[in-house]
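Work through the following exercises with the sequence and the coordinates at hand, and settle each one before turning to its solution.

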Amino acid sequence: MASFIRAACALALLTLACLPASAEDAKGKIVKVDLDNYVLQLENGQTFEVPEDFYVEDLEPGMFVVIQYEIVDGQNVIADLELAE
């Protein structure tokens with residue numbers, strides 16, 4: 001019985017380890033868009049790497065955005081970005 005419980009716990013831990021990391025959320029006003037380095041900065045100081053396939057040329061300081069991002073190698077990488085009011 002104890003070996004069954006250990007096996008069930010190991011299976012549960014393995015299942016959790018295989019789940020993808022969930023995206024984090026951030027929202028705020030853009031203060032800087034660096035198109036040369038693909039970096040966006042919010043007024044709270046958070047910076048985000050912009051994937052090269054994202055079209056961000058229309059983003060400007062002062063716009064309010066909602067960002068979903070993932071942390072990859074210690075960097076906040078945008079997964080989704082929406083303009084907010």
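**Exercise 1.** In which strand is Asp 34 found? Decide also whether Asp 34 has a salt bridge, and find a polar partner for its side chain.

*Solution.* In this predicted model, Asp 34 belongs to strand S1, which covers residues 24-34. Next, consider its charge: Asp 34 is buried yet lacks a salt bridge, and the nearest side chain of opposite charge, that of Lys 32, is 4.8 Å away. Because a salt bridge requires the nitrogen and the carboxyl oxygen to be within 4 Å, Lys 32 at 4.8 Å does not qualify. Finally, look for a polar partner: the side chain of Asp 34 makes a polar contact of 2.8 Å with the side chain of Asn 37.

**Exercise 2.** Is Asn 76 buried or exposed, and which residues surround it?

*Solution.* Begin with the location, which is strand S5, residues 75-83. The relative accessible area of Asn 76 is 18%; since buried means under 20%, Asn 76 counts as buried. Setting aside neighbours within four places in sequence, the contacts of Asn 76 include Gln 46, Phe 48, Glu 49, Tyr 69 and Ile 71. Thr 47 is also in contact with Asn 76, and its backbone oxygen is reached by the Asn 76 side chain at 3.2 Å.

**Exercise 3.** Place these two sites within the whole chain.

*Solution.* The protein chain has one helix and five strands, running α-β-β-β-β-β from the N terminus. Of its 85 residues, 21% are buried. Among contacts with a separation of 6 or more, 42% link residues 24 or more positions apart.

Technical notes
Residues numbered from 1 in each chain as written. Predicted model: local features only at pLDDT ≥ 70, side-chain atom pairs only at ≥ 80, totals over all residues. Heavy atoms only, no water. Helix = DSSP H or I, 4+ residues; strand = E, 2+ residues; numbered from the N terminus. Buried < 20%, exposed > 50% of the residue type's maximum accessible area, 1.4 Å probe, protein only. Polar contact = N/O pair within 3.5 Å; in protein donor to acceptor, adjacent residues only side chain to side chain. Contact = heavy atoms within 4.5 Å. Lys, Arg positive; Asp, Glu negative; His and termini not counted.
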